[in-house]
Amino acid sequence: MFTFTLAFYPMKKKIFSVLIIVFACNFCKAQQEPQFSQFMFNKAAFNPSFVGTDNALSTIFQFRNQWTGLNGHPVLQNFCIHTPLQNLKNGAGIIVMNDISGALRNTNVCVSFCKRVPIKKSSLNFGISGGIIQSSLDGEKLRAPDGDYAGTINHNDNLLPLNSVNGIIPDLHA
């Protein structure tokens, strides 16, 4: 069904669509997003246009500890505080998140801002959030199939680190 519908598009649209997909893949980077079991209680963590919409100072702390019997189980701590700015009819907030999954640890700090545009009895919100992510990978917790771990750590893989590796990258949401 899909190929039948696609056959009626002109050839120029097909080529243009394929080129956009190919070039867009060069600019996209994959991310491991934190998992929330009750994300509906902290909408500001996913959508910066939500900050300040409660019309009160909102403070949220979430803790998730999943699969506690397994080594390297996921642990997530999230703290968010946001408030409306009454004089500017805007909202602002701060989000701090710490996500640990096995050997990988991501710590994220973001500042969010929301602009409200009144429309009749409602409003249209535009949000932007910026901050940094400090990501670390503990090579001592990794195990490769061909590795030698008797006494010392030797992964027998040049791509895996032997100790902890850290990096800081910018983070932007809109």
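What average pLDDT does the protein chain have, and what share of the residues score at least 70? The chain averages a pLDDT of 84, and 87% of the residues score at least 70. Keep in mind as you look around that this is a predicted model.

## How far to trust each part

Confidence varies along the chain. Among the elements, helix H1 (residues 2-6) has the lowest mean pLDDT, 45, while strand S3 (residues 90-101) has the highest, 94. Over residues 1-6 the pLDDT stays under 50, and the model has 1 contact beyond four places in sequence for this stretch. Where pLDDT is low, the predicted coordinates should not be read in detail. So S3 has the highest mean pLDDT of the elements and H1 the lowest, and that is a helpful pair to remember as you turn the model.

## The overall layout

The protein chain holds 2 helices and 6 strands. Starting at the N terminus, the elements follow the pattern α-α-β-β-β-β-β-β. You can therefore read the chain as two helices followed by six strands. Of its 174 residues, 25% count as buried. Contacts tell us something about the fold too: among those with a separation of 6 or more, 49% are between residues 24 or more positions apart.

## Walking across the sheet

In what order do the strands of the open sheet lie? The 6 strands are arranged S1-S2-S3-S4-S5-S6, with antiparallel pairing. At the edges are strand S1 (58-65) and strand S6 (164-173), each of which pairs on one side only. On average, neighbouring strands of this sheet are turned by 10 degrees against each other, direction ignored.

The table lists the strand pairs with their bridges, so that you can step from one edge to the other.

| Strand pair | Sense | Bridges |
|---|---|---|
| S1 and S2 | antiparallel | 8 bridges |
| S2 and S3 | antiparallel | 11 bridges |
| S3 and S4 | antiparallel | 12 bridges |
| S4 and S5 | antiparallel | 16 bridges |
| S5 and S6 | antiparallel | 10 bridges |

Some facing residues make good landmarks on this walk. Arg64 stands opposite Leu76 in S2, and Val75 stands opposite Ile100 in S3. Further along, Asn90 faces Lys115 in S4. Ser112 has Ser129 in S5 as its bridge partner, and Ile132 stands opposite Pro170 in S6.

## Turns between the strands

Now for the places where the chain passes from one strand to another. The hairpin of S2 and S3 has 4 residues between the strands, and Lys89 takes a positive phi near 50 degrees there. In the hairpin of S3 and S4, with 2 residues between the strands, Gly102 takes a positive phi near 65 degrees.

The hairpin of S4 and S5 also has its own residue with positive phi. Here 2 residues lie between the strands, and Lys120 takes a positive phi near 50 degrees. Lys120 is not a glycine, and its place is the loop between S4 and strand S5 (122-138). Is Lys120 buried or exposed? Lys120 is exposed, because its relative accessible area of 85% is over the 50% cut-off.

One further positive phi belongs to Asn55, a residue other than glycine, with a value near 55 degrees. Asn55 sits in the loop between helix H2 (11-27) and S1.

## Inside the protein

Which residues make up the largest nonpolar core? This core has 9 residues: Ala44, Ala45, Val51, Ile60, Leu76, Cys80, Ile95, Met97 and Cys114. S2 and S3 each supply at least two residues of the core. Leu76 may look familiar, as Leu76 is also the residue that Arg64 stands opposite.

A polar residue is worth a visit as well. Asn106 lies in strand S4 (residues 104-119). Asn106 has a relative accessible area of 17%, which is under the 20% cut-off, so Asn106 is buried. What does the side chain of Asn106 make a polar contact with? Its partner is the side chain of Ser135, at 2.7 Å.

Try comparing the two residues in the model: Asn106 is buried, whereas Lys120 is exposed.

Definitions and conventions: Residues numbered from 1 in each chain as written. Predicted model: local features only at pLDDT ≥ 70, side-chain atom pairs only at ≥ 80, totals over all residues. Heavy atoms only, no water. Buried < 20%, exposed > 50% of the residue type's maximum accessible area, 1.4 Å probe, protein only. Polar contact = N/O pair within 3.5 Å; in protein donor to acceptor, adjacent residues only side chain to side chain. Pairing = 2+ DSSP bridges. Axes fitted to C-alpha atoms, helices over the stretch in contact; angles between N-to-C directions. pLDDT = per-residue confidence, 0-100. Contact = heavy atoms within 4.5 Å. Core = buried A, V, L, I, M, F, W, Y, C linked by side-chain atoms within 4.5 Å.
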